[in-house]
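Student: I have a model open and would like to reason through it with you. Could we take it one question at a time?

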Amino acid sequence: MSLKSPDQKNGHIVLPGERLGVIEEFIPDSGTYVKDSVIYSKIVGHALMDLLNKRVSVYPLINSAVTPKVGTIVLGQVGNAQSDNALVRIFKVGNKKISGVFGGILHISDVSDRYINSMNEVCKSGDIIRAKVISEKNQVFHLTTQDRNLGVLYGFCSRCSTVMNLDRYEVRCPKCGSIEKRKTTIDYGAEPL
């Protein structure tokens, strides 16, 4: 198998994870990421090797391709909540649903301004949360809920999986009566999914 040289990839369609060059020969630009000094494509798109300015970028194949970026608000579903972090499957960026799977992580230190004992006080598996992307270090989207409009949008009862109702600072299950803690948004239950 022969590797294509960077100028052979220029203008061609590349896939996520496809090698585009090394940082010694190119400056990575939009649509790329670097791992161990190697530049890779972050998205499906056309590779653009700017040989004059020594830049490499990938332009989306589909203009409507939406990916989370630092500073964007995302919606996601909590997959696994541990004591100090929660893994989140991001399914919406702003008001646009995304195709593909993006994973995020919400660390306990990025949840609230006040001290939090455990992620069980914040969210539970299955909950739908609204968060802000604060970093995409190591190809993982790091999230925060440190704002009144960020947090759990829909909480699901850990006993019977029913959507819970907001009851002041807690959520209450209308079916089994269970009361649980969550870090809810100011508009809990109002945003359509």
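Student: Which strand does β14 join, and by how many bridges?
Tutor: Happy to start there, keeping in mind that this is a predicted model. β14 and its partner run antiparallel, and Leu 166 stands opposite Val 171 in the partner strand. That partner covers residues 170–172. The strand is β15, joined to β14 by three bridges.

Student: What is the order of the strands in the open sheet that holds β14, and which are the edge strands?
Tutor: The pairing in this sheet is antiparallel, and the order is β14-β15-β16. An edge strand here pairs on one side only. The edge strands are therefore β14 (165–167) and β16 (179–181), since two strands count as paired if DSSP finds at least two bridges between them.

Student: By what angle are neighbouring strands of that sheet turned against each other on average?
Tutor: For the sheet with the order β14-β15-β16, the angle is taken with direction ignored. Neighbouring strands are turned against each other by an average of 40°.

Student: How many disulfides does a search of the whole structure find?
Tutor: Let's look at two cysteines. The closest cysteine sulfur to that of Cys 157 belongs to Cys 176, and at 3.6 Å it is too far for a bond. Cys 160 is in no disulfide either, with the sulfur of Cys 173 nearest at 3.5 Å. Over the whole structure, the number of disulfides found is zero.

Student: Is Cys 157 buried or exposed, and what is the class of Cys 160?
Tutor: The cut-off for buried is under 20% relative accessible area, and exposed means over 50%. Cys 157 has 3% relative accessibility, so this residue is buried. Cys 160 has 26%, so its class is partly exposed.

Student: Which residues make the nonpolar surface patch of about 330 Å²?
Tutor: One of them, Leu 15, lies in the loop between β1 (13–14) and β2 (19–22). With a relative accessible area of 48%, Leu 15 is partly exposed, so this residue passes the patch cut-off of over 30%. The patch is made by Ile 13, Leu 15, Val 44 and Leu 61.

Student: Which residue in β5 stands opposite Arg 19?
Tutor: First, the setting: β2 and β5 pair in the antiparallel sense, over three bridges. They belong to an open sheet with the order β2-β5-β4, whose edge strands are β2 and β4. The twist in this sheet averages 30° from one strand to the next. Opposite Arg 19 stands Tyr 40.

Student: Is Asp 36 buried or exposed?
Tutor: Asp 36 lies in the loop between β4 (32–35) and β5 (38–41). At 69% relative accessibility, this residue is above the 50% cut-off, so Asp 36 counts as exposed.

Student: What distance separates the C-alpha atoms of Asp 36 and Lys 137?
Tutor: Along the chain, Asp 36 and Lys 137 are 101 residues apart. In space, their C-alpha atoms are separated by 13 Å.

Student: To finish, what are the dimensions of the box that the C-alpha atoms fill?
Tutor: The protein chain has one helix and 16 strands. Of its 193 residues, 38% are buried. Taken along the principal axes, the box filled by the C-alpha atoms is roughly 65 × 30 × 30 Å.

Technical notes: Residues are numbered from 1 along each chain as its sequence is written. This is a predicted model: local features need pLDDT of at least 70, side-chain atom pairs count only at pLDDT 80 or more; totals for chains, interfaces and linings use all residues. Side-chain values use heavy atoms; hydrogens and water are left out. Helices (H or I, at least four residues) and strands (E, at least two) are DSSP runs, numbered from the N terminus. Axes are lines fitted to C-alpha atoms, for helices over the stretch in contact, and angles run from 0 to 180 degrees between N-to-C directions. A disulfide is a pair of cysteine sulfur atoms within 2.5 Å. Buried means under 20% relative accessible area, exposed over 50%, partly exposed in between (1.4 Å probe, protein chains only). Patches are made of residues with over 30% relative accessible area and no salt bridge: like charges are joined within 9 Å, nonpolar side chains (Val, Leu, Ile, Met, Phe, Trp, Tyr) within 5 Å. Accessible areas come from the Shrake-Rupley method with a 1.4 Å probe; for residues, only the protein chains shown count as cover. A salt bridge is a side-chain nitrogen of Lys or Arg within 4 Å of a carboxyl oxygen of Asp or Glu.
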